[in-house]
Amino acid sequence: MRLPVLRTGVRWKIAIAITAVGALTAVALSLVVRNAARVSMLDNAREVQMDRVHLAQRTYETGAAKNLRSRARINDPSLPRELRRLMAENRRGTYVDDRGDGPTQIWAAVPLANGDVISLHSEISTRSSAILKDLDRALIIGSVSVVVGGCALGVLIGGQLSRRLRKAAGAASQVAEGQTDVRVRDAIGGVVRDETDELARAIDALTDALNARIEAERRVTADIAHELRTPVTGLLTAAELLPPGRPSELVRDRAQAMRTLVEDVLEVARLDSASERAELQEIALGEFVTRRVRTLNPAVPVHVVHESWVNTDPRRLERILLNLLTNAAKHGKTPVEVTVEGRVVRVRDHGPGFPEALLREGPSRFRTGASDRAGTGHGLGLTIAAGQARVLGARLTFRNVTPAASAAAGSSAPASGTASGTADATATDQAPATDTAPVPVPVPAEGAIAVLWLPEHAPTDTGSFPVLPLDGRVVG
């Protein structure tokens, strides 16, 4: 059983902590101050009461018993037991009784030479009680003020720290998206130096180290591929001189495959360097796609739902179409369909669908997918297509089509493979109702759909472009 998770920000955590500490401090100080004031007041009342009983004692011992104060008593039967014990020990003393619901009672008693006890009994003055009430009121007001001020201070301090952390997180997200020129330390700003600055410097150092490593790997890959071009070209030329026959065809075929691989690796290295720039040209997208697909694979139908003019690089767009059609023909099943709707181009096959790893992480070089989509190739086709899409300021997304049987069995997503339909990346079929909860059973997809979203605005000369507000895994 998973426990519920309480999600809150740093601002409120700091505010709650400061408020709690302030409240505890205020309550503790209030109790100490009130207790000290009460003890001091009672001590003063004891001294006053003892002075009065001494005065009554002197009056009694001088023989003027009739002049005793009205509250002074000789051998008072209501004398508290504690004072009786002190009198038995021939000691004077005072006693405070505040256990009742009424006013506090104070006693003072002194033993006489003849064995009698003279005592005085009175109540704490109402003035003293009023002073305690005023003190209680002042302590409550002060405690509430401390708590409110602590809460406001906590919100202020926590808000500043939260804003700095959010700025750092936003800058780190931009770095993760490929904007390697972003620096977290510059993003958080401010003149205060605290732990967030140390975190920002650590992230910037990590980013620089990763960029240096990636650039080194890219250069090594590009250098190796470039150095291989000459011997591979010579090998291919030599293979053409072999006498006709099956062995010669195999050699030429493998040499050509090696040459294609070298060219693809060089293209991936150029795309990774982020130095590629699009040569823009305004074209009618539907007409262009129809003409290029007819040249690349005449058997693939093209359906233009809505024509749209776009400002893009025709050569790179053709490269993307070639790689998507090649991937569909190599790993999927016929029929392969191409649909153009506005600035959106969809390529669908009717094979087993994209592997889960590709749907989660996107295309990865030298990975051809799961066993149900395994085949020849090096996994560079979709990687190059995605890289070319980034140069165009476009986005390339992937999804699978949910089977109709799975949708009818309980899937809420429509099982349509048309251009405007939506589908989940994987499909499940519900088991018959039993005593236990039904267990979803995986159902193979009914085709894979690659969608190219061309931007409304063309990329600039620096390669920047507006990011489309679309998830890379969900296509509408």
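Buried means under 20% relative accessible area. The model shown in these views is predicted.

**View 1. Gln49, a buried residue of helix 1.** Gln49 sits in helix 1, which spans residues 10-61. Its relative accessibility is 2%, so Gln49 counts as buried. The Gln49 side chain reaches the backbone oxygen of Ile106, at 3.3 Å. Leaving aside neighbours within four places in sequence, Gln49 contacts Ile106, Trp107 and Ala108, and also Leu120, His121 and Ser122.

**View 2. The largest nonpolar core.** This core has 33 residues. Val289 and Leu452 have the most contacts inside it. Several elements give two or more residues to the core, among them helix 7 (285-296), helix 8 (314-331), helix 10 (381-391) and strand 13 (448-453). Helix 8 gives the largest share, six residues. Another core lies apart from this one. That other core has nine residues, including Met50, Val53, Ala56 and Ala72.

**View 3. The surroundings of Leu452.** Residues up to four places away in sequence are not counted here. Leu452 touches Leu317 and Ile320. Leu452 also touches Arg343, Val344 and Val345. Its other contacts are Ala389, Ala394, Arg395 and Leu396.

**View 4. Helix 10, largely enclosed.** Nine of the eleven residues of helix 10 are buried, so the rest of the structure largely encloses this helix. The buried residues are Leu382, Thr383, Ile384, Ala385, Ala386, Gly387, Gln388, Ala389 and Val391. Gly393 follows helix 10. The phi of Gly393 is positive, near 75°.

Technical notes
Residues are numbered from 1 along each chain as its sequence is written. This is a predicted model: local features need pLDDT of at least 70, side-chain atom pairs count only at pLDDT 80 or more; totals for chains, interfaces and linings use all residues. Side-chain values use heavy atoms; hydrogens and water are left out. A nonpolar core is a set of buried Ala, Val, Leu, Ile, Met, Phe, Trp, Tyr and Cys residues joined through side-chain atoms within 4.5 Å. Buried means under 20% relative accessible area, exposed over 50%, partly exposed in between (1.4 Å probe, protein chains only). Helices (H or I, at least four residues) and strands (E, at least two) are DSSP runs, numbered from the N terminus. Contact means heavy atoms within 4.5 Å. A polar contact is a pair of N or O atoms within 3.5 Å; within protein, one must be able to donate a hydrogen and the other to accept it, and residues adjacent in sequence count only if both atoms are side-chain atoms.
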